[in-house]
Amino acid sequence: MTAVGESVRRKEAENKVSGAAKYNDDFTVPGMLYATLRTSTKAHATLRFVDKRKALQMPGVRAVLLGEDAKVLCGEVLADRPPLAKGRVRYSGEPIALVVADSEAQAMAAAAAIDIAYDPLPVVNSPLEAAKPGAPVIHPELGSYTKEQSPIYPQAGTNICDSAHIRKGDMARGWQEAEVVVEGDFTLPQIDHAAMETRSARVEILPDGRVQVFSSTQAPFEVQKLLSKYFAVPQGQVVVSTPLVGGAFGGKTSVNLEVLAYMASKAVGGRLVRLANTREQDIATSPVGVGMQARMKLGATRDGRLAAAEMAYWLDTGAYTDSTPRVARAIAANCTGPYRVPNVHCDVNVVYTNHVFTTAYRGFGHINLTFTVERIMEKLAHALGVDPLELRKRNVLEPGDTTPTTVRLTRSNLGDTAKCLERTAELIGWTPGSHAERIGPHTVRAHGIAAFWKTSSSPPDAISGALITMNKDGTMNLATGTVEFGAGTKTTAAQILAERMGMDVDQIHIHSDVNTKVDPEHWKTVASMSTYMSGRAVLEAAEDVIRQLKSVAATVLRCPPADLEVGGGRVYLRDDPQQYVAFKDIAHGYKYQEGDSIGGQVMGRGSFIMRHLTLLDQKTGQGRPGPAWTVGATAVEVDLDTRDFTYRIRRAATVMDAGKVINPRTARGVVMGGMNMGLGYGSRESMLYSDQGEVLNGQLRLYKLMRYGEQPEYLVDFVETPQVDSPYGARPIGEHGNLAAPAALANALSVAAGVPIDELPATPEHIWRATKGVHR
Amino acid sequence: MREGWEPLKITVNGVQHALSVEPRALLSEYLREELGLTGTHVGCDTSQCGACTVLLDGKAVKSCTVLAVQAEGSEVTTVEGIGSVDDLHAVQAAFWDRHGLQCGFCTPGVMMAAIGLLQERPHPTEEEIRAGLDGVICRCTGYQNIVRAVQDAAGRLAAEQDRAVGD
């Protein structure tokens, strides 16, 4: 091995540490116009009037757009979202007007001068409330919306905009077998992605009709397709460029600023217009991660074998659906966690509320299902009097078992959960029984553990591509459509190619930006799937290059291509490596001594499409949601002060089955980052709303993130059970540090405080309420 | 000079500039928009994230919370001024080598804060690094690799000094 398995430095890191790296909002062009949004201060209201006359008179103002200026309804799955509110606002922070001016300050001044009159409507503040019969209906038009992508099953006249279901086995039999049954209610708030780079987009419409889009997106090809669809521009005329992205976490999959920037540019004759979120807008106007209320009942035999599980979820999708219907199916598909449950009944409802609308968030619903399952496993362990670790190990899914959607598991598509649990327990110093240990007059220490699994839940036709062109000096240029937002996707692709070619990774040139005009499509840089999808495409392109290199070399070396190997920048005879031709002598064709030449520039193509995936059946949930799973476990050690319920997270361990670790340092870094986000969610992060649905913490001063010094010591390790159909056996790992961290923290705190913590974030106040039985 | 704008003399990364600025312009805006030094990033406007941290007369400050006119007569160092690709600053080399970054957006500010810290405490303990970087936020890394990078940088700086003394 030359490249895979090595901690090579990131391709783009040199530019990042020198300040030369460019992010989307680092490009200012003379003559560029500035757009800004005027957003709603009410969570639910009809707009009696929106008067733009005064704003239009303000200095530097070029255009003011209102709801009636936008003809389209947006939405990845269901077209339910007007780019600018029309007649009604459904969340505080919703865009009402778009102002274009010569400077940002002028645009902001004019936006503030727009006169808006609201007639308040009753506010729906939680998904359970929203799902009740008689709740105020947030989208009276629900029945008439266009379904953009199946499956989606809206219930007209209600706030339930979609639902997904699992029906597996025989529930009556399952409950009969269950000798011990536990139940619980679980609540998670919405969460903000809080990428350090706020979202931004610029659009220019050229005289020839070409639409140039510059966006900090995870999904440039989705931006291209949706703008083409919304505004009837031929797809090839929409060109989306995405430079380095400053963190994404799913929040940059949603297409919305691009739509507004297009409308702004159109309104000013196609001039280049920039629209960039302030931090406040990034939290309260652009989409956040889904919240939930859930109920779960789990039954087991007295010897701790799971027999039946029934769960219901109400997902807080906020005012619009975006990709949350797909999140609902991801939750349903994996609703048992990595455990064998023969009889399963699961309903996942997607419910409108007057909260900020939601989109993908690192983990795609798996934080939610992991929290629910891992908290109830803890209750079951308690009820059975079994060590929580032991209960988990006893019930992990194994090859030959089937998932809730009845996919048959193999060692390759599953990995080894038990091994991950054991190694995690070892790292954290697990003692059987999981008891709180008094370590000071007012301090107790406790451990919590939780296991996770996740598959991609991507569309069955998601594609990825790779193009390789060779330079005269024998090095290679590699183009992929994945976005580099911090996970190291580009470096990984280069490592995979270097490994296959037996070259140094420095000889692979890969650009860190994406341009839809020249780069092959990668569906979206999401679901931790770049290594698998893009890697498969890279390997296919590499084979194409190797075939071409061997073909020319065979002529030069006067032998059949089958006798040749590549490596070290050469094509050589397998039986006599001293007989070779260097890449540099054939990369752009081979020139004989007389000057006559053969070959041409070597260029390879690789094209990948998902294999064997199917949509989930709407009644039973049967189907194949992803190519394979990544399994693992997280454990947390906390010291809780029993007087005021403040606590310190001392150590946190995660072990996952990575299949094959391509870049150890990058992998550890990504897992630690995920754990940090998960512990942030578990301990402090939450979208906070007033009774009237107004966002109370729409800035980083109030929206609490983990800060330096608050992080525990991170212990990260990997198990390597190859996923046979993935490049070098590697499994996705990008989201997974995040998945079980909140659950493990809640489990530890439940032990430490001696009360169940079934709602996050577990702030000291929340723990105090739980111990005193005080409800809000 | 445009009406209402103020003259500003300032030295940035060793180069003197004499431009006029809007009185309301922030130092971060001046650096990014007037001088094109886009390595200084703005993540929040409320002095929380620290991505905009620069050195103002040698002290690490958040440039989104300083008016450009307040920097009159001062020396400012941004990430572009601490080293070059051929001759990286010890902190830059350590962040690169130790994978002290992921998306890289906060990195310039974190490195400037780290330089500020190392100037005050050349041999910080882990606790001192954690406390010293409290003013910056990183959403990607979970901080552990950054702490390692700062420790590594401290070692590199000490070695550089030893070499300088040896010369």
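In this predicted model, the axes of helix α11 (residues 388–395) and helix α13 (residues 417–428), both of chain A, come within 10 Å and cross at roughly 165°. Because angles over 145 degrees count as roughly antiparallel, α11(A) is classed as roughly antiparallel to α13(A). The crossing of these two helices is left-handed.

The residues that form the contact are listed by helix below.

| Helix | Residues in the contact |
|---|---|
| α11(A) | L389(A), R392(A) and K393(A) |
| α13(A) | L421(A), E422(A) and A425(A) |

Sorted by class, the contact of α11(A) with α13(A) has 3 nonpolar residues, 3 charged residues and no polar ones.

A second site in chain A is the serine at position 92. S92(A) sits in a loop, with β5 (88–89) on one side and β6 (95–101) on the other. Its relative accessible area is 8%, so S92(A) counts as buried, the cut-off being under 20%.

Leaving aside residues up to four places away in sequence, S92(A) touches S40(A), T41(A), K42(A) and A43(A). The contacts of S92(A) also include A284(A) and V356(A), as well as G693(A), E694(A) and V695(A). With S40(A), the separation in sequence is 52 residues, while the C-alpha atoms of S92(A) and S40(A) are 5.1 Å apart in space. With V695(A), there is a polar contact: the side chain of S92(A) reaches the backbone nitrogen of V695(A) at 3.4 Å.

Terms used
Residues numbered from 1 in each chain as written. Chains lettered and ligands numbered in written order. Predicted model: local features only at pLDDT ≥ 70, side-chain atom pairs only at ≥ 80, totals over all residues. Heavy atoms only, no water. Helix = DSSP H or I, 4+ residues; strand = E, 2+ residues; numbered from the N terminus. Buried < 20%, exposed > 50% of the residue type's maximum accessible area, 1.4 Å probe, protein only. Contact = heavy atoms within 4.5 Å. Polar contact = N/O pair within 3.5 Å; in protein donor to acceptor, adjacent residues only side chain to side chain. Axes fitted to C-alpha atoms, helices over the stretch in contact; angles between N-to-C directions. Parallel < 35°, antiparallel > 145°, perpendicular 65-115°, else oblique. Left-handed = near helix turned anticlockwise from the far one by under 90°. Nonpolar A, V, L, I, M, F, W, Y, C, P; charged D, E, K, R; others polar.
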